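Here's a quick briefing to read alongside the sequence and the 3D view. Pull up the structure and follow along.

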Amino acid sequence: MAATEVVERAPVGRPSAGRHTVALFASELHLVFGRARTWVLLAVLAAVPILIGVAIKVSGSDGDAEGFLGQVAGNGFFLVVASLALSLPFFLPTAVTVISGESLAGEASLGTLRNLITAPAGRSRLLAAKMVALVTFCLAATMTIWVSGLIVGVILFPVGDVVLLSGTTVSLADGLLRALGIALLIALSLLGLAGIGLFVSSLTSTPLAAMAATFCTFIVFGILGAIPQIHVIHPWLLLYGWTSFADLLRDPPYWHEIGRNLLMQGAYLAVFYAAAWARLTSRDVNG
């Protein structure tokens with residue numbers, strides 16, 4: 001994907017601070033979702049449930065798979081959850097590193113960042129707009145999988161009441177509401193990584209370098225989490241609570257790990273967003 005891909009910014013009016021802020025946020029959303037790259041990423045994410053569903057349908061069974069994947073053939077609802085779960089270790093983080101890594105570096109490479117940060121008072125709003133665009137993309141990414149999984153699950157498999165992990169049977173509507181909560185929780189779980197990407201993007205004017213550095217950071221977290229000898233630091237790693245989404249499929253849900261994961265993501269986001277703010281607000285307009 002070309003790092004020099006250009007998407008024309010929506011005009012940003014200057015009549016007032018409030019209208020300028022709204023226009024800036026709208027411009028950032030247009031910048032992110034106006035790129036062909038973004039839609040390619042979303043298309044790849046939408047294809048995940050299709051590939052899983054077709055593979056299971058063609059094989060005629062779940063192939064003795066365990067977990068959510070093992071229940072897809074019996075209830076298409078679980079294609080939604082299985083697709084989200086299988087996308088979390090690689091596809092979703094990769095998409096987030098691409099979008100977050102180029103958020104500021106892409107502007108710098110095109111020469112537009114210099115114009116945007118000329119007014120010091122506007123730098124904080126610019127960074128906030130970038131972050132809102134990243135949050136929106138994270139939500140759009142998980143909801144793309146949710147919608148695709150639901151459509152494919154209904155078309156290819158029987159759909160009915162949902163048996164939760166705790167053994168309780170709930171209605172399909174209740175199950176879909178829980179799956180929607182899972183999509184939201186996974187989107188929020190990606191915000192720590194998005195914050196890291198935003199910070200790295202503020203350090204360079206090369207989008208590919210920012211993407212690569214962010215993805216390498218994600219890999220390092222994964223490696224550290226796989227080393228049992230350093231288990232004492234595992235609860236503080238970015239990825240530690242990512243699988244807590246499954247606790248929404250219990251009756252009642254286990255809120256402790258979910259809350260801990262959200263607090264951890266919030267902490268990572270706060271630290272790296274503050275670091276990105278410090279970098280951007282002190283950045284030389286010629287740098």
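Ser87 belongs to helix 3, which covers residues 77-87. It counts as buried because its relative accessibility is 0%. Keep in mind that you're looking at a predicted model. In this model, Ser87 and Pro49 sit 9.3 Å apart, C-alpha to C-alpha, even though 38 residues separate them in sequence.

**Overall layout**
- The protein chain has eleven helices and two strands.
- Reading from the N terminus, the order of elements is α-α-α-α-α-α-α-β-β-α-α-α-α.
- The chain has 287 residues, and 45% of them count as buried.

**Helix 4, mostly under cover**
- Helix 4 spans residues 91-101, and nine of its eleven residues are buried.
- The buried set is Leu92, Pro93, Ala95, Val96, Thr97, Val98, Ile99, Ser100 and Gly101.
- Ile99 also turns up in the lining of the largest cavity, which gets its own section below.

**A nonpolar patch on the surface**
- Val40, Val44, Phe90 and Phe91 make a nonpolar surface patch of about 330 Å².
- Val40 sits in helix 2, which runs over residues 36-59.
- How accessible is Val40? Its relative accessibility is 42%, so Val40 counts as partly exposed.

**Salt bridges**
- How many salt bridges does a search of the whole structure find? There are six.
- As background, side chains of opposite charge can pair when their charged atoms come close.
- One of the six pairs is Lys130 with Glu28, at 3.1 Å from N to O. Lys130 is in helix 7 (residues 123-156) and Glu28 is in helix 1 (residues 17-33), so this bridge ties together parts 102 residues apart in sequence.
- Both partners are out of the way: Lys130 is buried, with a relative accessible area of 3%, and Glu28 is buried too, at 1%.
- Lys130 has another partner in Glu107, with the closest N and O atoms 2.9 Å apart. That pair links distant parts of the chain, with Glu107 in helix 5 and Lys130 in helix 7, 23 residues apart.
- Glu107, like Lys130, is buried.
- Put those two bridges together and you get a salt-bridge network of Glu28, Glu107 and Lys130.
- Glu102 and Arg35 also form a salt bridge, with their closest N and O atoms 3.3 Å apart. Glu102 is in the loop between helix 4 and helix 5, while Arg35 is in the loop between helix 1 and helix 2, so the bridge ties together parts that are 67 residues apart in sequence.
- Are Glu102 and Arg35 buried or exposed? Both are buried.

**The largest cavity**
- The structure has two cavities of 30 Å³ or more, and the largest holds about 60 Å³ of space.
- Its lining is made of Glu28, Leu31, Val32, Arg35, Ile99, Glu102, Ser103, Lys130 and Leu134.
- You'll recognise some of those names from the salt bridges: Glu28 and Lys130 are one pair, and Glu102 and Arg35 are another.
- Which helix gives the most to this lining? Helix 1 does, with three residues.
- Helix 1 and helix 7 each supply at least two residues of the lining.
- By class, this lining has four nonpolar, one polar and four charged residues.

**The second largest cavity**
- The second largest cavity has a volume of about 40 Å³.
- Around it you'll find Pro235, Leu237, Leu238, Tyr240, Gly241, Glu257, Arg260, Asn261 and Met264.
- This lining breaks down into five nonpolar, two polar and two charged residues.

**A cis peptide bond**
- The peptide bond joining Asp251 and Pro252 is cis, with omega at about 0 degrees.
- Where is Pro252 found? Pro252 is in the loop between helix 10 (207-225) and helix 11 (255-281).

Methods:
Residues numbered from 1 in each chain as written. Predicted model: local features only at pLDDT ≥ 70, side-chain atom pairs only at ≥ 80, totals over all residues. Heavy atoms only, no water. Patch = residues over 30% accessible without salt bridge, like charges linked within 9 Å, V, L, I, M, F, W, Y side chains within 5 Å. Areas by Shrake-Rupley, 256 points an atom, 1.4 Å probe, with all protein chains shown as cover. Salt bridge = Lys/Arg side-chain N within 4 Å of Asp/Glu carboxyl O. Helix = DSSP H or I, 4+ residues; strand = E, 2+ residues; numbered from the N terminus. Buried < 20%, exposed > 50% of the residue type's maximum accessible area, 1.4 Å probe, protein only. 1 Å grid on protein atoms, 1.4 Å probe; cavity = no way out; pocket = protein on both sides within 12 Å on 5 of 7 lines; lining within 4 Å. Points joined across faces, edges and corners; volume = space filled by probe spheres on them. Nonpolar A, V, L, I, M, F, W, Y, C, P; charged D, E, K, R; others polar.
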